[in-house]
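Student: I'd like a close look at one small part of this model. Pick a single residue, show me what surrounds it, and then work outwards to the rest of the chain.

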Amino acid sequence: MRLLFLFFFLSVLPSSAQTSFTLLTYNCENAFDTIHDVGHQDQDFLPDGQNHWTRYRYFRKLRRIAQVIAAADTLKPVDVVVLEEVENDTVLTHLLHRTSLTNMGYSYVMTHNHTARGIDVAIVYSPRTFQLLGTDEVRLHSDEPPVSEDENTEQVRPVLHVWGQLATGDTLDVYGCHLPSKLGAGTAERARKQIASRVRQHVDSVLRVRQRPLLLLAGDFNDTPRSSVFRKAFRTVAPFEGKKRHLVDASPYTLYNMMRGKEKDGGSYKWHGSWNWIDQVIVSGNLLRSDSPMRTDPSLVEVLRLPFLLEDDDTYRGQRPYRTFYGPSYHGGYSDHLPVVVRFWQHNGSRSSIISEKIK
């Protein structure tokens, strides 16, 4: 039904506007290799560790991540994939060259952070539809005060920023996010607000220099769409106006949270029997405007509730994500998160100049 709707949506557009673009964000749930990374606490994910993380389990995990990416768009390869909780370059190399993705022609960039857990954010992209122009990381400044007495700014994961040229000739800026978890309650929330405020400053600097800014943030934000992290730090608003659910006359410099208004439609993560939207997509206003060379709509953002990603929830009823681990017990599934996908269409009738300088 999803693909039928997308086909109809595209078929009613003018012939020059029938190029689709798909972005997927997916928290992979501890995609570790089987070799110890010095300086990182990955001992549980070693063959002799608590999780008995063997090469068989590791490559099974990679095949399942590849299956999710392939299933997100059955008409063509997904254009951009934001992956959270990947350990290192080895994992990405094996994922792209030793699974079913090997012939897709994907490339990737990723963060290299210094947190104790040792997990990174990666952005996988198809050079055919997203020509990489640059990449950097958004970090807390070293002189910023620590979020607590026993935590410093280096323990807050950086946000990955990439920008690339689209088929329209325009520049798309993508931020891959994995904000601090809820462990630590108030301390964790302060950490999320700190990095969110820093990202918003960076976003504003990008919006000022792009001739026609097209910008999105995607990933695991570890908070709900109406939280103060989004309202006050990211300063996002809903893409709907009032009760009529019509798109607003979107401002190019406003960030719109595409999960606002979807709270009753389930979520991507189940916690104590309740579904929550912590995996989200945020877009700048130009990506909602009808006169934009690239455009989406809230109806084209969805969580992928594919049957193989779910299992019966014997504790809280209904279904839950089919995850890899429950504590130290190997369960053999995919992830404790469900993937989120957003679909765009591109109008190829106009081209704008590219600004490819690195953003400071």
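Tutor: Let's start with a term we'll need: a polar contact is a pair of N or O atoms within 3.5 Å, and within protein one of them must be able to donate a hydrogen and the other to accept it. Keep in mind, too, that this is a predicted model.

Our residue is Arg320, which you'll find in strand β19, residues 319-321. Its side chain makes a polar contact with the side chain of Tyr326, at 2.9 Å. The Arg320 side chain also makes a polar contact with the side chain of Glu311, again listed at 2.9 Å. That pairing with Glu311 counts as a salt bridge as well, with 2.9 Å from N to O.

Is Arg320 buried or exposed? Its relative accessibility is 17%, and buried means under 20%, so Arg320 counts as buried. Its partner Glu311 is buried too.

Now look at who else is around. Leaving out residues up to four places away in sequence, Arg320 touches a mixed group that includes Lys270, Trp275, Leu309 and Leu310. Asp312, Asp313, Asp314 and Thr315 are also among the residues that Arg320 touches.

Let's widen the view to other salt bridges. The count for this model comes to 19. One of them joins the side chains of Asp170 and Arg212, at 3.1 Å from N to O. Asp170 sits in the loop between β6 and β7, while Arg212 sits in the loop between α4 and β8, so this pair ties together parts that are 42 residues apart in sequence. The two ends have their own surroundings: Asp170, at 0% relative accessibility, counts as buried, whereas Arg212, at 26%, counts as partly exposed.

Next comes the salt bridge between the side chains of Arg210 and Asp173, at 2.8 Å from N to O. Arg210 is in the loop between α4 and β8 and Asp173 is in strand β7, so here the linked parts are 37 residues apart in sequence. Both Arg210 and Asp173 are buried. Elsewhere, salt bridges that share partners join Asp73, Lys76, Asp79, Glu302 and Arg343 into one network.

Those loops lead us to strands β7 and β8, which belong to an open sheet of seven strands. Reading across, the order is β5-β6-β7-β8-β15-β12-β9, and the pairing is mixed. At the edges are β5 (131-138) and β9 (236-237), each pairing on one side only.

Follow β8 and you can see what mixed pairing looks like. With β7, it pairs in the parallel sense over seven bridges. With β15 (residues 279-284), β8 (residues 214-220) runs antiparallel, and five bridges join the two. Try tracing a line across: His178 stands opposite Asp220 in β8, and Asp220 in turn stands opposite Asp279 in β15. A bit further along, Ala218 has Val281 as its bridge partner in β15. As for cover, seven of the seven residues of β8 are buried.

That brings us to the nonpolar inside. In soluble globular proteins, nonpolar side chains tend to be buried together. Here, the largest nonpolar core has 70 residues, and those with the most contacts inside it are Leu24, Leu83, Leu95, Leu172 and Leu216. Helix α2 (residues 55-71) gives the largest share of this core, eight residues. There's also a second, separate core of 23 residues, with Ala191, Ile195, Val199 and Val229 among its members.

Take Leu24 as your way into the larger core: the residues it touches include Val68 and Ile69, as well as Leu304, Pro339, Val340 and Val341. Val68 and Ile69 turn up again among the buried residues of α2, along with Tyr58, Phe59 and Leu62. That list isn't purely nonpolar, though, since Lys61 and Arg64 are on it as well. The helix itself has 17 residues and reaches 24 Å from its first C-alpha to its last, close to the 24 Å expected.

Finally, zoom all the way out. The chain has five helices and 22 strands, and buried residues make up 56% of its 360 residues. Of the contacts between residues at least 6 apart in sequence, 72% join residues at least 24 apart.

Technical notes:
Residues are numbered from 1 along each chain as its sequence is written. This is a predicted model: local features need pLDDT of at least 70, side-chain atom pairs count only at pLDDT 80 or more; totals for chains, interfaces and linings use all residues. Side-chain values use heavy atoms; hydrogens and water are left out. A nonpolar core is a set of buried Ala, Val, Leu, Ile, Met, Phe, Trp, Tyr and Cys residues joined through side-chain atoms within 4.5 Å. Buried means under 20% relative accessible area, exposed over 50%, partly exposed in between (1.4 Å probe, protein chains only). Helices (H or I, at least four residues) and strands (E, at least two) are DSSP runs, numbered from the N terminus. Contact means heavy atoms within 4.5 Å. Two strands pair if DSSP finds at least two bridges between them. A salt bridge is a side-chain nitrogen of Lys or Arg within 4 Å of a carboxyl oxygen of Asp or Glu. The expected span of a helix is 1.5 Å times one less than its number of residues.
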